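Reader: Please take me through one part of this protein closely, the pairing of its opening helices, and set that part against the rest of the chain. Plain wording will do.

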Amino acid sequence: MGKAVPYTGTLLVPAVAGWLLWRWTGLNLPGVLTLGGALALTAAALLAHNALFREGGSIAAAVLIVAGLTAVWVETRDSEVRDAVADCVVVGKVRVTQHPTFGEGAPEAKTLYHHTLDCVGGYPTEFSAEERIAEPGGAVRIAYDPAHRMDPILARDNQAHGSPVIPVSLLALSAALSAVAIAGEGATRDE
C-alpha cells in the first residue's frame with residue numbers, strides 16, 4: 001500500500017492534466033485567459049508530480065509532462081476549425097507582393113496575392129494567399145472565426161489537423177519514467 005498512491009499518481013497526473021488542458025483550450029476563451037489557465041495547470045501538474053517524490057523524482061518525467069502539455073496545446077489549436085463561412089466576391093485589382101528571403105539555405109521567395117473582398121455580413125474585407133483565389137468579380141468562400149481569434153482561411157482548407165498521438169505518447173512516457181523512478185527508489189532503500 002506504501003507505493004499505491006505514488007504509482008496511481010504517476011498515471012493520473014499526466015492523464016488528468018492532459019485531459020483538463022485539452023478541455024480548457026477547447027473552450028474558446030480569450031487568448032490571455034487560455035494561456036494563463038494553461039500555465040497554471042502546467043504548474044499544478046509539476047507540483048503534483050513533485051509531491052509524489054521525496055527528492056523531486058525523475059527530472060526527465062517532469063520535462064516530459066511539460067512537453068506533453070505543450071503538445072496538447074498545439075494539437076488542440078490545430079484541431080480547431082473556423083465556425084462561420086462567408087460567401088464573398090473579389091472586388092478591385094488583386095495586388096501582388098514579393099517577399100524575398102536572404103542568406104544561404106534560405107527558403108524560396110514568397111509571392112502573396114492580396115484580395116479585397118465584399119462578403120455577406122461584411123467580414124472579412126481582405127484575404128491574402130500564396131495563390132490567386134479568384135479574379136475581380138469572382139466568387140470565393142472564406143471560413144472565419146466570428147470572434148476573430150484565428151485568421152480567415154479558404155473554406156476548402158477549413159479542416160482539423162490535430163492528432164493526439166504525440167501528446168499521449170509524451171504523457172505516457174512521463175508516467176512510465178515516474179513509475180521507474182518509484183520502483184528505483186524502493187530498490188535503493190532495500191539495499
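Author: The accessible surface of the protein comes to about 11600 Å², and carbon and sulfur atoms account for 62% of that area. The model is a predicted one. Of its 191 residues, 34% count as buried. The radius of gyration is 24 Å, whereas a compact globule of 191 residues would have a value near 16 Å. Along the principal axes, the C-alpha trace spans about 80 × 45 × 25 Å.

The protein has four helices and five strands, and along the sequence they follow the pattern α-α-α-β-β-β-β-β-α. Among contacts between residues at least 6 apart in sequence, 64% join residues at least 24 apart.

Now the pair of helices you asked about. Helix 1 covers residues 4-25 and helix 2 covers residues 31-51. Their axes come within 10 Å and cross at roughly 175°. An angle over 145 degrees counts as roughly antiparallel, so helix 1 is roughly antiparallel to helix 2. On the side of helix 1, the contact is made by Val13, Ala17, Leu20, Leu21, Trp24 and Thr25. Helix 2 contributes Leu33, Thr34, Gly37, Ala38, Leu41, Ala45, Ala48 and His49. Sorted by character, the residues of this contact divide into 10 nonpolar, four polar and no charged.

One residue of that contact, Leu21, also serves as a reference point for a residue elsewhere in the chain. Pro100 lies in the loop between strand 1 (84-99) and strand 2 (110-119). Pro100 and Leu21 are 79 residues apart in sequence, and their C-alpha atoms are 39 Å apart in space. Pro100 counts as exposed because its relative accessibility is 54%.

Strand 1 also holds Val91. With 32% relative accessibility, Val91 counts as partly exposed. Leaving aside neighbours within four places in sequence, Val91 is in contact with Thr116, Leu117 and Asp118. Val91 and Val63 are 28 residues apart in sequence, but 51 Å separates them in space, C-alpha to C-alpha.

Helix 3 (residues 59-78) gives a contrasting pair of numbers. Thr70 is found in this helix, and its C-alpha atom is 7.9 Å from that of Pro167, although the two residues are 97 apart in sequence. Thr70 is partly exposed, with a relative accessible area of 44%.

Two loops further along the chain complete the picture. In the loop between strand 2 and strand 3 (126-129) lies Pro124. A cis peptide bond joins Tyr123 and Pro124, with omega about -5°. As a general matter, most peptide bonds are trans.

The other loop runs between strand 4 (139-144) and strand 5 (153-154), and Asp145 has its place there. Asp145 counts as buried because its relative accessibility is 2%. Apart from neighbours within four places in sequence, Asp145 is in contact with Arg82 and Met150.

To return to your request: the contact of helix 1 with helix 2 includes no charged residues, and the two helices are roughly antiparallel.

Conventions. Residues are numbered from 1 along each chain as its sequence is written. This is a predicted model: local features need pLDDT of at least 70, side-chain atom pairs count only at pLDDT 80 or more; totals for chains, interfaces and linings use all residues. Side-chain values use heavy atoms; hydrogens and water are left out. Axes are lines fitted to C-alpha atoms, for helices over the stretch in contact, and angles run from 0 to 180 degrees between N-to-C directions. Angles under 35 degrees count as roughly parallel, over 145 as roughly antiparallel, 65 to 115 as roughly perpendicular and the rest as oblique. Contact means heavy atoms within 4.5 Å. Ala, Val, Leu, Ile, Met, Phe, Trp, Tyr, Cys and Pro count as nonpolar, Asp, Glu, Lys and Arg as charged, and the others, Gly among them, as polar. The radius of gyration is taken over C-alpha atoms; the globule rule is 2.2 Å times the number of residues to the power 0.38. Buried means under 20% relative accessible area, exposed over 50%, partly exposed in between (1.4 Å probe, protein chains only). Accessible areas come from the Shrake-Rupley method with a 1.4 Å probe; for residues, only the protein chains shown count as cover.
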